[in-house]
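Student: I should like to go through the reasoning behind several descriptions of this protein. May we take them one at a time?

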Amino acid sequence: MRLLHTRTLQFELINDPRNIPYAILSHVWTKKDHLSPPEQSFRELQEIQNDYKDGPVPLDEPRLCPKIRDLCRTAQADGYEFAWLDTACIDKSSSAELQEAINSMYQWYSNANVCYAYLADVSCHSSPEKLRDEFRQSNWFRRGWTLQELIAPHTVIFLSAEWAVIGTKQRFAAEIEAVTNIDKDILTHQRTLETVSVAKRMSWASRRKTTRIEDEAYSLMGIFGVHMPTVYGVGALAFFRLQEEIYRQIPDDSIFAWGPIHDRGCDFTFSTFPQSSQPGSEEMAVGISALPETTDSDKRYLFAPYPKAFQDSSKFAPILRSELASRLPEAGVSYPTRTFTPFGFHARFPLVMASSPEVTQLSLAILACEDTDQPRSLLALPLRASRNLHGILENRRFDVGYQKGLQDIDEYDFRSRYGVHMRVVQHVRIVTLSETEYRNASRYIRDADIYIPSTPLGTFHEAHHGRKTRRTLYMPDGHAYLILAPWCKTLLSSHGYHIEARHGRPPHLTKDCSSKSFSLAPGLSLQLTILHGQDVVSRLTIGRCRCQHGQEQNFLSVVVEDSEKPHPIQHAFSLDHRVDDPDHLRSWRYHAGSMFKELPLGTRGRTADRKMHLRFTRGFGGGTETSDSIEPVHTSLMLSVDIDDDTFVTGTDYRPRWDNEGESNSSWFGWLLSGLSKTFVTGWKG
């Protein structure tokens, strides 16, 4: 551990910090664009130290970061010779050192004699009432890393923005419990973390944020007492790895108890599987497969995709397997061996079939876990037979959860920084059974040897954020704009094609050749006509669909016409469209931030047997954001159009073209263009 001497401001390497009294700092990093001085890194502080040739660095050294200076002053005043802070005491250019520091962080905070929690957004000059509000609302309580920094140290002293003492963790324990939902006994070390369920510990982190998505997992390793390699670039896959490591060391079924809970108004009736079939057989799988398919849901896996999924799980607690066996005396509950395999999580679960007037049929996997709000209850996972990549039922492989109607939700888009209101299909994955219910079901329950996918295949964080990106493309908010990739005009014109644009409220569209972006606000449409010479090749009409999905959920519609197959454009309110109607952008294929579709262009003329390729991506431009603006940053979409043409045209100028006003129509992407029409552009606003 590299400690900073509070008097000389030189580093000292300590092999066993347990024998050295030191102070440690917990804080929220200052953003680079913030008005406060930036954080000082290890290399930057080392450069200052080198100028003094290993001698003492004076505290009034002007290049010294104020946070380091004030930490050393505070620690000195309290009699500490050494201090530690993450920004300056870790050489982050060394991946090995960074990994060791992250895996040791909880222990370092636990070993510290005192932890100074610096709250930069709390002022000691505030009135007592305002000080209390500022304390409760401090950003320090919303960051991922500060969770372990709050729990691990025995002594935490809260400091204001002026480095004045506000109080201690012991003094404010009740207040902190109200803010964080962490039990007072845990904060004051009257109980150990091992007495708290995995689900409840996860719920503490469910409303906290980290800058790097991988840190959602790495900041929790100490809370669960696990260690694993810290690899960045894997995104949400790190959180799946964390849960696997937790379950290998803590046999707590509450780790599976996350997500929406089945809210029902009547009891279940139970039955066993067909007598002619054993659990896991094809006949059993077919019976369960009647449940609605939700193969793209991240809730169908055994493990959660992010800590937020546990926000309602604080009331779930594990029970002993012996207790589960006593509650289900006829089920033959045993101590199963549970392993991770390429086919999924392999385990034996007590299974039973259940039905009610609300749900026709469910297969329930009963967990060694209860809802503490309902004494002697049991939790269960609803299962349905999984299908492989070819759509064939897997007779021993199951997904978790089922669909239950539409739900209104509000989500925060961290890229564009505004709220999004949506109506989505609710995916229920937790069922609570009362004591009466599971006793009635006991004679039907049998242990079954099954596989459940614990994590998605491939790179999950791309798939997870891909769903958000895809949703933004086919269901943009009211501030959506569309731009046509200008390189398309260049390439299409080199083969004799050109595009005419009309924009406005249907059916009155105005010819518009000068705009660089077109609003897709409700009621507005953009019509793009693709011509070869004077012949119309195709016509695209883009806007919010006039069907129910378009009116209620802002589904984007792309109606494609050609001269041989005119499409009746629907301007009246209609309930006829399905969610995946071909007119909806939602029906297009999605990959790596783009939604795309390939269309034939007819059988006659120059375009006979040729295809048109359309692609939507997030685009640049079309809006601005200022510090005093209260308007949300809008969504910018970009459309690229490509037509198969085997004619190779030489001498095409791909450099940005200039209009009569001297402004570049394509300067922001000109540097990207070095190939022909198979190149597509994607980007983010903000």
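Student: Which residues is Lys597 in contact with, leaving aside its neighbours within four places in sequence?

Tutor: In this predicted model, Lys597 touches Pro582, Trp588, Met612, His613 and Leu614. Lys597 itself belongs to strand β28, residues 594–600. Its C-alpha atom is separated by 5.9 Å from that of His613, although the two residues are 16 apart along the chain.

Student: What makes Lys597 partly exposed?

Tutor: Its relative accessible area is 24%. Buried requires a value under 20% and exposed a value over 50%, so Lys597, at 24%, is partly exposed.

Student: How do you know that Glu134 has no salt bridge?

Tutor: The nearest side chain of opposite charge, Lys130, is 4.1 Å away. A salt bridge calls for a nitrogen of Lys or Arg within 4 Å of a carboxyl oxygen, so the pair Glu134 and Lys130 does not qualify. Glu134 is nevertheless buried.

Student: Where does Glu134 lie, and what does it contact beyond its neighbours within four places in sequence?

Tutor: Glu134 lies in helix α5, residues 128–136. Its contacts of that kind are Asp121, Val122, Ser123 and Ser126.

Student: Why is α5 called oblique to α7?

Tutor: The axes of α5 and helix α7 (residues 173–180) come within 10 Å and cross at roughly 50°. Angles under 35 degrees count as roughly parallel and 65 to 115 as roughly perpendicular; the crossing at roughly 50° falls in neither range, so α5 is oblique to α7.

Student: Which residues meet where α5 and α7 are in contact?

Tutor: From α5 come Arg132, Phe135 and Arg136, and from α7 come Glu175, Ile176, Ala178 and Val179. By class, this contact has four nonpolar, no polar and three charged residues.

Student: Why is helix α9 described as largely enclosed by the rest of the structure?

Tutor: Eight of the eight residues of α9 (residues 198–205) are buried, so the description follows. They are Val198, Ala199, Lys200, Arg201, Met202, Ser203, Trp204 and Ala205. These residues pack against α6 (146–151), α7, α8 (184–187), α11 (221–224), α12 (237–249) and β9 (316–318).

Student: How many helices and strands does the protein have, and what percentage of its residues count as buried?

Tutor: The protein has 18 helices and 30 strands, and 52% of its 686 residues count as buried. Among contacts between residues at least 6 apart in sequence, 65% join residues at least 24 apart.

Methods: Residues numbered from 1 in each chain as written. Predicted model: local features only at pLDDT ≥ 70, side-chain atom pairs only at ≥ 80, totals over all residues. Heavy atoms only, no water. Helix = DSSP H or I, 4+ residues; strand = E, 2+ residues; numbered from the N terminus. Buried < 20%, exposed > 50% of the residue type's maximum accessible area, 1.4 Å probe, protein only. Lys, Arg positive; Asp, Glu negative; His and termini not counted. Contact = heavy atoms within 4.5 Å. Axes fitted to C-alpha atoms, helices over the stretch in contact; angles between N-to-C directions. Parallel < 35°, antiparallel > 145°, perpendicular 65-115°, else oblique. Nonpolar A, V, L, I, M, F, W, Y, C, P; charged D, E, K, R; others polar.
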